[in-house]
Amino acid sequence: MAKKSLFKEFSKGIIKENPVLCLVLGTCPTLAVTTSASNAIGMGVAATAVLVCSNAVISLLRKFIPDKVRIPAYITIIAGFVSVVQMLVKAFAPAINDSLGIYLPLIVVNCIILGRAEMFAGKNPVLPSILDGLGMGVGFTAALLAMGIIRELLGSGSLFGVQLIPLQILIFILPPGGFFVFGMLIMIANKLNTRSGKKVKTTPCDGCPMADNCVDKNCDNVKKEATENAD
Amino acid sequence: MENMLRVSSSPHFRSNDTTRRIMLDVIIALCPAAVASCVIFGWRSLVLIAVCIATCVLLEYVSRKIMKRDNTIGDLSAIVTGLLLALNLPVDINPLIAMFGCLIAIVVVKQMFGGIGMNFVNPALAARIVLLVSFPGPMMHWVKALGAPKAAAIDATTAATPLAAEPGTYSYIDLLIGRCGGSIGEVCAIALILGGIYLVIRKVISPIIPCVYLATAALMSLIVGLDPLYQLLSGGLLLGAIFMATDYTTSPVTKWGKVIFACGCGIFTILLRAYSNMPEGVSFSILLMNILVPHIERLTVPRTLGYVKKAKGDKK
């Protein structure tokens, strides 16, 4: 694998590999907490903090964690940071803690964080891992914020709690409206990605955390890798 | 010599049915209900119908244009969708809300899934439900119909729908001729039945779905202890059974599939009416069964001619 520049590690998470809109990870908090823009920012910032810290620590410990128990080890590290973040939010922003509710502790099982630990931090040095976590976190926050703004503006006619328009289309703050806005944003992200010339990669092994241990010898990707290793 | 032989591919035998003719028949069948709504609720219902039809046709044209597809206004399906949506709305609804409903029906439900024949649920029905969920206040505000009994009126201008009214408020005659509150197209049962008979005579719809739907609904109301005839005549049941559930795209093609589909609609309608906190369940039950149609069709694939059932344990 050719070395990418550090900036690329950061920027890929924002549009090209946006965790929510392109990798479609972490949809549960995305759909659940984006009923208002301020909720979305709270969730995004909390998840980014956990993501950066856990990526850094997992990357530091990647040579000491035995391969067989790596998932429990990752989860323990992530859970530690989530507890820290939750206590901080409870202390300094109790309103956000109330509105996020159960979804704040549920960051522990957020696919994005475990996915980045498995796909990136477990294989790369510290600095790229931190930047990767930061980029993914910014992408996650941006996607949440976009959804939160659209849903709050159309659903309750306000933005960050300030009443702007008298129109209220209730369905946008209900789950069906959430799915609808989510689909529209995925469509826009796909359009942006395909417009820039490169086709979005759709090989099934790309980004699959099991790709290294994959036993399917007929798979083209495995064959290619095998020949590369032989060289 | 070459011109004497005419070579063409199948089908060699065509019927005169075109989408346009079928849609025209549906429009004709909806006319009694539309006229009745104008008589019962006045000129405002005519305005509502005109707004919905115009918006639907315009949106259909614009969205086909944007997606660079061929123009399909000519098949009249957008007019049917607009008319059906209008008949499902209360008369004093804000025209902007009605136009938002048209946007949902035509752009989101119909064109985003590929246009006529591709939609997975009935566009007018989906739009009605989106409006009901989005604007519960205006969508449940029923204007008093011409000549409705005084007891039904909560104040001078509004009336409860027969489903939410006190028992005994409306007689069967009131329900038949539409002297009650409700969406503009659903109140007059006679006009809807007339339209349904016309569609069956013209062979546009098969009578299986409406008949089984109504029969199941009557049976279910008996089981849960409601007055069957009152349930059949009130609310949107007739409009739903005759015009919504029979939509070609979103109902099964097989005979037994139709029966299962209609049974499901009837059961869910009465269950929702009896036990949910909403007075009406027709639109939700038809929408639910619309989504199940592919599975129903897979279950009821008819046996091909000459097919012999394999003996048990006989592999290949």
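How much space lies in the second largest cavity? About 70 Å³. That is a good place to start a tour of this predicted model, which takes in its enclosed spaces, one open pocket and a single serine.

**The cavities**

The structure holds three cavities of 30 Å³ or more. Let us stay with the second largest for a moment. Its lining includes Asn88(B), Leu125(B), Glu186(B), Gly236(B) and Ile286(B). Three helices of chain B, α5 (123-134), α11 (237-244) and α13 (282-299), each supply at least two residues of that lining.

The largest cavity holds about 140 Å³ of space, and 14 residues line it. Lying nearest its centre are Arg128(B), Met140(B), Trp142(B), Pro279(B) and Glu280(B). Two of these names, Arg128(B) and Glu280(B), also appear in the lining of the second largest cavity.

**The second largest pocket**

Now for an open space. About 740 Å³ lies in the second largest pocket. Of the 25 residues that line this pocket, Phe180(A), Ile104(B), Val108(B), Val109(B) and Val130(B) are the closest to its centre. Helix α8 (175-195) of chain A and helices α4 (95-111), α5 and α13 of chain B each give at least two residues to the lining. Which helix supplies the largest share? It is α4(B), with five residues.

Here is how the three linings divide by residue type:

| Space | Nonpolar | Polar | Charged |
|---|---|---|---|
| Largest cavity | eight residues | three residues | three residues |
| Second largest cavity | five residues | four residues | three residues |
| Second largest pocket | 24 residues | one residue | no residues |

The pocket's row is worth a second look: its lining has 24 nonpolar residues and no charged ones.

**A closer look at Ser45(B)**

Our last stop is Ser45(B), found in helix α2 (residues 43-66) of chain B. Is this serine buried or exposed? Ser45(B) counts as buried because its relative accessibility is 0%, and the cut-off for buried is under 20%.

What does Ser45(B) contact, leaving aside its neighbours within four places in sequence? Its partners are Ser37(B), Cys38(B), Val91(B) and Ile184(B). With Ser37(B) there is a further detail: a polar atom of the Ser45(B) side chain lies 3.3 Å from the backbone oxygen of Ser37(B). Ile184(B) is 139 residues from Ser45(B) along the chain, yet 6.8 Å separates their C-alpha atoms.

Methods
Residues numbered from 1 in each chain as written. Chains lettered and ligands numbered in written order. Predicted model: local features only at pLDDT ≥ 70, side-chain atom pairs only at ≥ 80, totals over all residues. Heavy atoms only, no water. Helix = DSSP H or I, 4+ residues; strand = E, 2+ residues; numbered from the N terminus. Buried < 20%, exposed > 50% of the residue type's maximum accessible area, 1.4 Å probe, protein only. Contact = heavy atoms within 4.5 Å. Polar contact = N/O pair within 3.5 Å; in protein donor to acceptor, adjacent residues only side chain to side chain. 1 Å grid on protein atoms, 1.4 Å probe; cavity = no way out; pocket = protein on both sides within 12 Å on 5 of 7 lines; lining within 4 Å. Points joined across faces, edges and corners; volume = space filled by probe spheres on them. Nonpolar A, V, L, I, M, F, W, Y, C, P; charged D, E, K, R; others polar.
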